[in-house]
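User: Could you take a close look at the salt bridges in this model for me? I'd love a connected walk through them.

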Amino acid sequence: MFMKHGIVAGVALAVSLATPAMAKVEGDTIILGSSISLTGKYATNGLHTQRGYDYAVKVINEAGGVKVGGKSYKLDVKYYDDESTPARGAQLAERLIQQDGVEYMLGPYSSGMTKAIAPVSEKFGVPMVEAEGASRSLFTQGYKYLFAVLSTSEQYLATAIDFAAEKSSNPGDVRIALAFEGDPFSMDVRAGVMDKIKEYGMKVVIDDQLPADLSDMSTTLTKVKALKPDALIISGHSKGAATAARQIDEMKVNVPMIALTHCEAAKVQEKFPKTANGFLCPTQWVETLSKSDPMFGSAADWNTGFKADNPSYTSVPYQSAQASAAVYVFKEAFEAANSFDKDAVRDAISKVEMETFYGDIKFSENGNNIAKPMFMRQIDGSGQYKLVEKAGDMVFPRNVSY
Amino acid sequence: MWDNLQLLFVWAPIINVQVILDGIFVGAVFALSAYGLALVWGVMNIKNLAQGDFVIMGGYMALALHQLHVPLVLILLIVMPVMFMFGWIVYVLMIRRIIDQDMFVSLLATFGLSLLLQQVMNLIFGPEVQTIDMELPVYDAFDNMVTVPSSKLITLILAGVIATGVIIFMKRSRAGQAIRATAQDPRAARVLGIDIDRVYAFTFAFNAALCGAAGVLVSIIWVIQPFYGITYSVRSFAIVTAAGLGNLPAVIGAGFGIGLFEKYTGAILGTAYEVAAPVSILLLVLIWRQIQMRRNRQVVR
Amino acid sequence: MTMTRDTKVTYGLLALFGIFGPILFPDYTLSIAYLWMMVLMASTWDTLGGQMGYNSLGNITFFGVGMYVSAIVQITFFYEGGVGEYTSAMGSIKPEFTQAEYFWGLGLGILAAGVVGLVLSVIFSSFMFGLRGPYFAIGSLGLAIAVAEVTITIDYVGGASGISMPLFPGDIEFRSTFFYILCFVLTIISHFLLRWLYSTQFGLAINAIRDDEDKAEAMGIPTLAYKRIGWAIPAFFMGCIGAVAGNMAGFIDKEVAYPIPTFGIFMVAMALLGGKGTLWGPVLGAIIFHVIKEATWTYLLNLQWVALGLILIINIVYFQQGIMGWFEGVSKSYGGVKANVDITMGVERGSITGIIGPNGCGKTTLFNSIVGYHPIDSGSIQFDGQEISHLLVGDIARLGMLRTFQQTRIYGKMNCVDNMQISVSHREDSKFSMFASRRGEIKDRAEHLLEFVGLYSKRNLISGDLSFGQQKLLEFAMALMNEPKALLLDEPTAGINPTLINGLIDRLRRANEELGITLCVIEHNMRVIMNLASHIYCLANGHMLADGTPEELQNDQRVIDAYLGGH
């Protein structure tokens, strides 16, 4: 019996020794921490993000790393897998900060995950530059240590409503169908869309919420066919985009305008070239952007370099680009602060004002990037993304023959 | 909800046809994996939580074969035996040792298997959402209000063929009889010289093959990802619980019933409730059965 | 509550760890807090699952509901606009709580969460406890999924967008310590409450429910009341810890509140790993599971589910008693009476041999040992010149030695002919004969044998509808169908109408003479056995008392004494 109880106590003690402590800066390496979704429903985009981080770290290290106090440091990222569950993400963030001694964080994937992690980094006063949490509510909490390089999510699909209004003689007559996944990101996208719809006095004919683990949205599309709205607006991460593209084709849904998020991440142009023709896809970044920086070169240069490292992409999702940009922000901040003190780094981040391949980056008081616009692109008949800057550039109505 | 009802029954009643068709397509695929579960549950008392992951596995195999331009029927003919062998190996390595244990042992062991399979599939195939696009024509009717993609029709036909094959197999073959006998009384079967171990192994492998077939069909008509298995597991359990064990017609009926219920719930209450629908049916059936059993002074076990 | 020295030492060590762990390793404070949370989840799960045998997969429901209830309470009481305004702003409101407001709110929140969990469990009890075994497990899983899906459609609690919890007012170091203390104290309270409960009548009653609920009911135990309490306790604690976990997470939505595929199942795995149905098993299991999980997440990134899956499988497949089983298994003796000691007997080929003896003398056990149900400790069993003591039931059956049961075992839902057809010999089976189709001659033989036992007219009836005697005859015919070389019959005449007995004796004899089957018969009916057998063995108390021809035994004083209870 004593052995049994001995084991209880022994094992309990082992808990504390199970994970090694790591310093924020080890020798000549700066360690950034990130809990990212490598398994679970966000794994697709988690991987896009991780690849973006890794590519930036590689490029920066090859270019001589980060210079602080006259010395060069390499960057490294300590990853944990949050399994696409926010509770785990928060727990892992605490673990990165407390046990691994990480003092600079890169964000996770998705707004929900960022919402869970931001209170943690905030509590510990650890600066976090995130690239994948776009929900507006992240930037109304008064977080001092949260910085986002991307545009906020209400902007994703609001432009599509503007386009629909412009294309109509009387915006008040426009009928809109909405299908949004039940998660914090999509709900915020929806809020942005709803604001615009109210502004124009449009009519919402369908407002469906898609469950997180749904691989069939045929009932929503059946209603769309029956009600024939003027525009169909969808948001549901990669799975939502893939499912929608697949079933819009099968059900011959003929709506003049279809706008959805995550086209590139789900590779709809590649997998469903016929249906995807005419999809409007909001993007945080385009590879034809005429912005550049000394580290990654132009947007096109980054795109070429990233593809060379990750040959599986035909069209690089913006999730990877903004992840690289987040790492780049840290490099600039370290060098500007010329210190590893996390508050000095935090202040340096808040003062960052730079042009990058990803676009201009300048943070507001609340931590969101206010210098960079969102873009809207349309997929053409050959599976290429074409930038749509005004309603006139858009092919309308969508030109598909099923 | 009022709008949806009006839409369904007043403004455009023709879309009922579409909803019913979709329900049938959904039901056909669910019925396959559910029947496999009913078999392993009924015959060897194993509750396989990795059921959905077997389905997804079949889907990924189909995807890999499709990329090699293997025709659909051949894909089925390859995936089913491969999954059969896989099932047999799983049986030998783990299921054999947990057969006589209480139910929780099998639930947890197969949950472990499910975790393992998810991540292995993630490592092999990547986490991307995938699908097979057969690029087949889509039929439409009633002024394009009802569309039937040939891929779904083919799926339905294949599901029907497989189900018929299974019914004939269970009725006519020695293996089918041995499985049924074992399900009724394994001890008696053993005494009479039926090789129980082989019957069990066969049953489990057979279930894996059925799931594999369902997976092929899923990858043709919907989308797959390494972590989507749980949905199919939950639905299989809901169907089997509603239908009872070992009764193929009832399982098929319940499959269609749940498919239709799910689609109508989606059409009337909104898509948000589609996942909750099979679960609520499960709960209702369980409660209903309790009320019935209570009259007989029995409990549901 | 009395404790052994070892137990005191264990508590001492755990208390030392609980108190000094976070002081010595301050960076690990929250990790250890999560550890206690796991211990609480696994221990309280075990009350219902391990101790009472109702394996719930839905305890996580109370965790999630508790989280939301606590959020509602904390915001309603201490934020002027109330929950509706707070959530409809989708996180754009950031109320500042004073220390007093925060701690009062949290305290009330935890209590309310526990009470709501308890009430919810009582409601669930009203329609869940008519379910047994797997149906209860799956039903409770369904409940968890349903509650989670319903939660995200309620805009009042933030719907799919979730709720941000009030920020902790104190400084960051104190926050960790504070939540650590909450987790630790809740775990201690739950542990000692359970410890006390298990030592009371309640503990006995829930164990009785687990082992044989029908019997327990028949004995007059109010099982439903016990079951309600048995679920209310875990529900209360899951609600409380959910409230704490929600405040630790800072932001809650469906995924945070109802982690069904992770914690929902992990807590069961932890209890099983340690050994369910014991006080210490879940504690130990939770600690080990948590450590392994954290370690795999650190060292095996991208393979962690593979590792965890393998650990679960290996643990469950190979160590089903849990870790506690390793320690208690060896100290427990099997305690049973050795039924058969040193019996030597031979059955001549082609003969009819009888075995007699008083009740409980080990006749059936002997049969079970011969045909492979029970392992034998030593000695030898030979059949047809082959050692069979190591063979399994199926192997022995295929060698040609079959047995029938005292209580008949037939396939009650099939008709007689089907029962017969499935009973053909599998001696010449090859790998592929499983897939062979039925042959006509088998059906002919089946009908012939049914005629032989006098069941031809009933051949198409469902066998479960036959009378007990007829079922025995059917079972006998099924055994003959198998073309055995030897047939071991356990009380073939028990329960048979006396008028049928002579016919049965006749058929047994004919089977022996015409079909050349060696018979070995256990029989209580002296008249039957004396008529039938050519050689009889008499067992008593697991020993061979005497053997010989019927005449010799009838005159043996030892046999007479044994039957009359003379010693």
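How many salt bridges are there over all chains?

Analyst: Happy to help! This is a predicted model, where local features need pLDDT of at least 70, side-chain atom pairs count only at pLDDT 80 or more, and totals for chains, interfaces and linings use all residues. Residues are numbered from 1 along each chain as its sequence is written, chains are lettered from A and ligands numbered from 1 in the order in which they are written, and side-chain values use heavy atoms, with hydrogens and water left out.

Over all chains, the count comes to 35 salt bridges (a side-chain nitrogen of Lys or Arg within 4 Å of a carboxyl oxygen of Asp or Glu). One of them pairs Glu294(C) with Arg88(A), their closest N and O atoms being 3.3 Å apart. Glu294(C) sits in helix H12 (residues 280-299) of chain C and Arg88(A) in helix H3 (residues 86-98) of chain A, so this pair joins two chains. Helices here are DSSP runs of H or I with at least four residues, numbered from the N terminus. Glu294(C) is buried at 7% relative accessibility, and Arg88(A) is buried at 5%; buried means under 20% relative accessible area, with a 1.4 Å probe and protein chains only. Both residues belong to a network of salt bridges that also links Glu83(A) and Arg95(A).

Within chain B, Lys263(B) forms a salt bridge with Glu274(B), again with the closest N and O atoms 3.3 Å apart. Lys263(B) lies in helix H11 (residues 248-269) and Glu274(B) in the loop between H11 and helix H12 (276-295), so the pair ties together parts 11 residues apart in sequence. Lys263(B) is buried at 0% relative accessibility, and Glu274(B) is buried at 0% too.

Terms used. Buried means under 20% relative accessible area, exposed over 50%, partly exposed in between (1.4 Å probe, protein chains only).
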